[in-house]
Amino acid sequence: MSVLVVGLSHRTTPVALLERVTVSGDALVKLLHDVQADENVSEALVVSTCNRVEVYAVVDRFHGGVTAVTNMLAAHSGLPQETLARHLYVHYEDRAVQHLFAVACGLDSMVIGEGQILGQIRGALRLAQEEGTAGTTLNELAQHALRVGKRAHADTGIDRAGASLVGVGLTLAERVLGPVTGRRALVVGAGSMSALSAATLSRAGVTDIVIANRTLDRAERLAETVGGRAADLSDVPAELAEADLVISCVGAGTRTITPEMIGDRARPLFLLDLALPHDVDPGVRALPGVTLVDLESMQQDGVGDVSDGGRAEAICEVRRIVAEEVTAYLDAARAAVVTPTVVALRSKAAGVVEAEMGRLLSRLPDIDGRMRDEITQTVRRVVDKLLHEPTVRVKRLAASPGGDQYAEALRELFGLDPKTPDAVASLEVEQ
């Protein structure tokens, strides 16, 4: 079984199309189960954010797995398969591992080095665990990816070198409004992106922050963290009249801000739409004094270049870390393949020792206990010494490409039941 990733992101796909593929809530849960239900797939995990939709699957056949995942993405998005296929990328085995590690480090993000992706991968893993679609392979792979991401941020500071989408948005806002200090900001939504937005605004010196959300108590909790004020979604038109800067992060599929809500204004208004599907009606761009920046315009303008200082060295170091961690992960994974076979071999050898000792003792009923123990220990030491060198070597060789062939050779040479190593592996997982 091998790891396969099929996905599309801001790098390969227009935002308008990516918006149609993005899944969340019940639709995300259904996609997970639909992918895993395919005969080619044994495990599934989906990372779905405003910038990417990626399906990670453990498959027994490459082509069958790619076809299954592509069909599921097409069915869930309602897009023709041939349209979707033009924007998909596929990574398999070693490349799939490398891709996930790079994503976890922020190397594949719209703004290089942003740290929010770690929380998104953690959330994707948690959902797959809760739904029972992530087994041993994806659990271990995702956990390792999270560790790599944390190491990259801790060792290189790439998250500080690269700004978040919100930070970049504020940079663009200051080009329109001037310094944001002293401005009134409206954040629409109270989820994780809204929390990041509110915190970034507060750090930038914005002290008048309003959080508008459908659930008022969530808005109140978030507002308290930045010394702001809460409002209901129905109050958005009134709040827009007083706001200078608006960040919208709802992504519910309906327009939370329309031209009618804004109307005529006497001063500039900057709108940052970070949601997929989009929150803000693009028609607001026709209003005098109104500037709208969304993920699509960021993509077209090359947002990653807005804050480039200090990143080159950090990026180079993160790539080195990814390469090092990929090697370590693959070596460990290959070595793990042969471990159940080694355990099964030693178990068989122990069984032979016990059987032969039983036969010997039945022929020598008068032997005293001390002599019996000495003979038993001697036989066991002989067997252990005979097995030590080949088992150490086979574990080392298993870390190289094609290492699973050594496990197969052991099974063949020692006549091990092919089912025994699988049973040992299952027992280790259960424990």
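In what order do the four strands of the antiparallel open sheet stand? The order is E2-E3-E1-E4, with antiparallel pairing.

This is a predicted model, in which local features need pLDDT of at least 70 and side-chain atom pairs count only at pLDDT 80 or more, while totals for chains, interfaces and linings use all residues. Residues are numbered from 1 along each chain as its sequence is written, and side-chain values use heavy atoms, with hydrogens and water left out.

**The antiparallel sheet**

Helices (H or I, at least four residues) and strands (E, at least two) are DSSP runs numbered from the N terminus. Two strands pair if DSSP finds at least two bridges between them. In the four-stranded sheet, strand E2 (41–48) and strand E4 (89–92) stand at the edges with a single partner strand each, so one side of each has no neighbour in the sheet. Neighbouring strands here are turned by 15 degrees against each other on average, direction ignored. Angles run from 0 to 180 degrees between N-to-C directions, and the axes are lines fitted to C-alpha atoms, for helices over the stretch in contact.

E2 is joined to strand E3 (residues 52–59) by seven bridges, and the two run antiparallel. Leu-45 has Tyr-56 of E3 as its bridge partner.

Two helices lie across these strands, contact meaning heavy atoms within 4.5 Å. Helix H6 (residues 116–131) lies across E2 and E3 and runs at about 145 degrees to E2. Helix H7 (residues 136–156) lies across strand E1 (2–9), E2 and E3, at about 35 degrees to E2.

At the E4 edge, His-91 has its place in strand E4. His-91 is buried, with a relative accessible area of 16%; buried means under 20% relative accessible area, exposed over 50%, and partly exposed in between (1.4 Å probe, protein chains only). Not counting residues up to four places away in sequence, His-91 touches Val-3, Leu-4, Val-5, Ala-96 and His-99.

**The parallel sheet**

A second open sheet has six strands in the order E7-E6-E5-E8-E9-E10, with parallel pairing. Its edge strands are strand E7 (229–232) and strand E10 (290–294), each pairing on one side only. The twist averages 20 degrees from one strand to the next.

Strand E5 (residues 184–188) and E6 run parallel and are joined by five bridges, and the partner of Arg-184 in E6 is Asp-208. Strand E6 (residues 208–213) is mostly covered, with five of its six residues buried. Strand E9 (residues 269–273) pairs with E10 in the parallel sense over five bridges; there, Asp-273 has Asp-294 of E10 as its bridge partner. H10 packs on this sheet, touching E5, E6 and strand E8 (245–248), and its direction makes about 170 degrees with that of E5. Helix H11 (residues 216–225) lies across E6 and E7, running at about 160 degrees to E7.

**Cavities and a pocket**

Both kinds of space are found on a 1 Å grid over the protein atoms alone: a cavity is a set of points where a 1.4 Å probe fits but cannot get out, and a pocket is an open set with protein on both sides within 12 Å along at least five of seven lines; lining residues have an atom within 4 Å of a point. Grid points are joined across faces, edges and corners, and a volume is the space filled by probe spheres set on the points. The structure holds two cavities of 30 Å³ or more.

| Space | Volume | Nonpolar, polar and charged lining residues |
|---|---|---|
| Largest cavity | about 130 Å³ | six, six and two |
| Second largest cavity | about 50 Å³ | eight, no and no |
| Second largest pocket | about 1000 Å³ | 16, 15 and five |

Ala, Val, Leu, Ile, Met, Phe, Trp, Tyr, Cys and Pro count as nonpolar, Asp, Glu, Lys and Arg as charged, and the others, Gly among them, as polar.

The largest share of the lining of the largest cavity, three residues, comes from H6. The second largest cavity is lined by Leu-45, Val-47, Tyr-56, Leu-100, Ile-121, Leu-138, Leu-141 and Ala-142. H7 gives the most to this lining, with three residues. The bridge partners Leu-45 and Tyr-56 are thus both among these lining residues.

In the second largest pocket, E2, H6 and helix H10 (192–203) each supply at least two lining residues, and H6 gives the most, with seven.
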